[in-house]
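Reader: I am new to this structure and should like to learn how its labels are justified. Please set each value against its definition.

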Amino acid sequence: MQKVSNISDLRLLFHRNERPIYFISATNFNLLGIDQWVNRFKYINYIDCFDGRHPNVFVPPQLPHEEFQSIEDINNYLLQHKDVVDYVERAGGRPVAVFLMFDAETERLCEELGIEVWFPSAALRERCDNKMETVRIGNKAGVPSVPNALCKVDSYAHLREIAETHGLGEQLVVQTAFGDSGHTTFFISSETDFDRHAEEIIQDPEVKIMKRINCRGATLEACATRSGTLVGPLLTEVVGEAELTPYRGGWCGNEIFPGAFSEEVRAKARDMAYRFGNQLMAEGYRGYFDLDFLIDKDTDEVYLGELNPRICGASPMTNHAAFAYADVPLFLFHLLEFSGIEFELDVEELNARWANPAFIDSWSQLVIKHTANNVDIITHAPATGIYRMADDGSVSYHRFDYKRQDIESENEAFFLRISGPGDYRYEGADLGILITRGRSMTDDFALNERARHWIAGIKKYYAAKPIMAVHDEQVPAPGAFKIL
């Protein structure tokens, strides 16, 4: 094909795509619906969320394996599974893989199988993923973080000394280099707070020590390309809600709606993402990335929070927003960047177009985790599909579906089941994702009544039995790794 110069060219390119492209991960959640835009796009997953009914999802039969410690372990298991190897070989062509997470072993296995990985290298992603490096990249790009110090901490007295030197105040937030914010962000106001997390803080060669501000979180996905950085819509974050997650500060969903942020805040965040993406290109990173922002409620100042150098939990929202249906999902620009096809796009015009509130509609997604501090075995779970809410707030299963856009009103929701019958249910385990039209939070950013009814209604479909004769080493530890 000749050079891609506009959206029509891009749509046609992927409509006619003949290269097999595989999203290999625990589930297909993060790139839900991309198969509707890209010919020969398939999902190779470990968990069968759809009971075998999704036409583009392949789940091989489970084989004995060592206990998974990460998503990378799951992907490496899949790439060594004979049925997966046979599935890829039968499809022929020059296969491509995209991942949520991968490591050097994943890259080695892909090379062995003749699969091209369409992401920056695992080593580069890991370097950019370091929260200290994020601050430094932001500083180069002129994208400020909350006032902070990047230091090794030896004790509480040492922490207080650093805070005083840098004018960070009495109430602090400390983050370690890697990991989910629900597990690796610590709120320190006293020596007792510090002692609770001392082991995690002291063992790191460097931590991020921030002034605590009165803030709300937001997230925005973008794609760094040779034509410039394309910037998606700014999403709210659902954080630390007790009905959804046991982790204070833990991400558990997003909203997108036109009035979520002032025009000033949206413009600041978009400009920051654009500059950050261009700096990532200078660092050697290209393609899809996500930035978390902290918005000071007292001043409306916008600060850089974290970088996720990959697709993430917000990706289904971004890739199904109104701008995506008017043009194309943001992830298609990532595929274009790695495709080898020559292109030249008017990024400035696209970003200006997507900044228009008309390109933002109203959707919510809630990630439902098991919040109780116990371990049991699921005996019954809600099926993936469309559910309906009655006037009294009760929730019932309506029909099987795998396309969230088929939700017709705010009284319907799409539920993607993650944990099913036979799975262990432990504190922090992902039960499933609920996607609805409209808002799930109040103007004060607490869960609204409708969202609470939805959560309770879905959880009622889960039943479990106590663990009897099971060896301890077979039982997942509370806080086991997340799969989304």
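Author: Let us begin with one pair: E18 forms a salt bridge with R40, their closest N and O atoms being 4.0 Å apart. This is a predicted model, in which local features need pLDDT of at least 70, side-chain atom pairs count only at pLDDT 80 or more, and totals for chains, interfaces and linings use all residues. Residues are numbered from 1 along each chain as its sequence is written, and side-chain values use heavy atoms, with hydrogens and water left out.

Reader: Why is the pair of E18 and R40 called a salt bridge?

Author: The term requires a side-chain nitrogen of Lys or Arg within 4 Å of a carboxyl oxygen of Asp or Glu. For E18 and R40 the value is 4.0 Å, so the pair is counted. In general, side chains of opposite charge can pair when their charged atoms come close.

Reader: What does the pair of E18 and R40 tie together?

Author: E18 lies in the loop between helix 1 (7-15) and strand 1 (21-25), and R40 in the loop between strand 1 and strand 2 (41-45), so the bridge ties together parts that are 22 residues apart in sequence. Helices (H or I, at least four residues) and strands (E, at least two) are DSSP runs, numbered from the N terminus.

Reader: How do you know whether E18 is buried or exposed?

Author: Buried means under 20% relative accessible area, exposed over 50%, and partly exposed in between (1.4 Å probe, protein chains only). E18 has 53%, so it is exposed. R40, at 26%, is therefore partly exposed.

Reader: What makes D376 and R425 a salt bridge, and are these residues buried or exposed?

Author: Their side chains meet at 3.0 Å, N to O. The pair links strand 16 (residues 376-380), which holds D376, with strand 20 (residues 424-425), which holds R425, 49 residues apart. D376 has 7% relative accessibility, so it counts as buried; R425 has 15% and is therefore buried.

Reader: Which label, buried or partly exposed, belongs to E412 and which to R388?

Author: E412 has a relative accessible area of 3%, so it is buried, whereas R388 has 35% and is therefore partly exposed. The two form a salt bridge with closest N and O atoms 2.8 Å apart.

Reader: How do you know that the span of helix 10 agrees with expectation?

Author: The expected span is 1.5 Å times one less than the number of residues. Helix 10 (residues 263-283) has 21 residues and should span 30 Å; its end C-alpha atoms are 30 Å apart, so the two agree.
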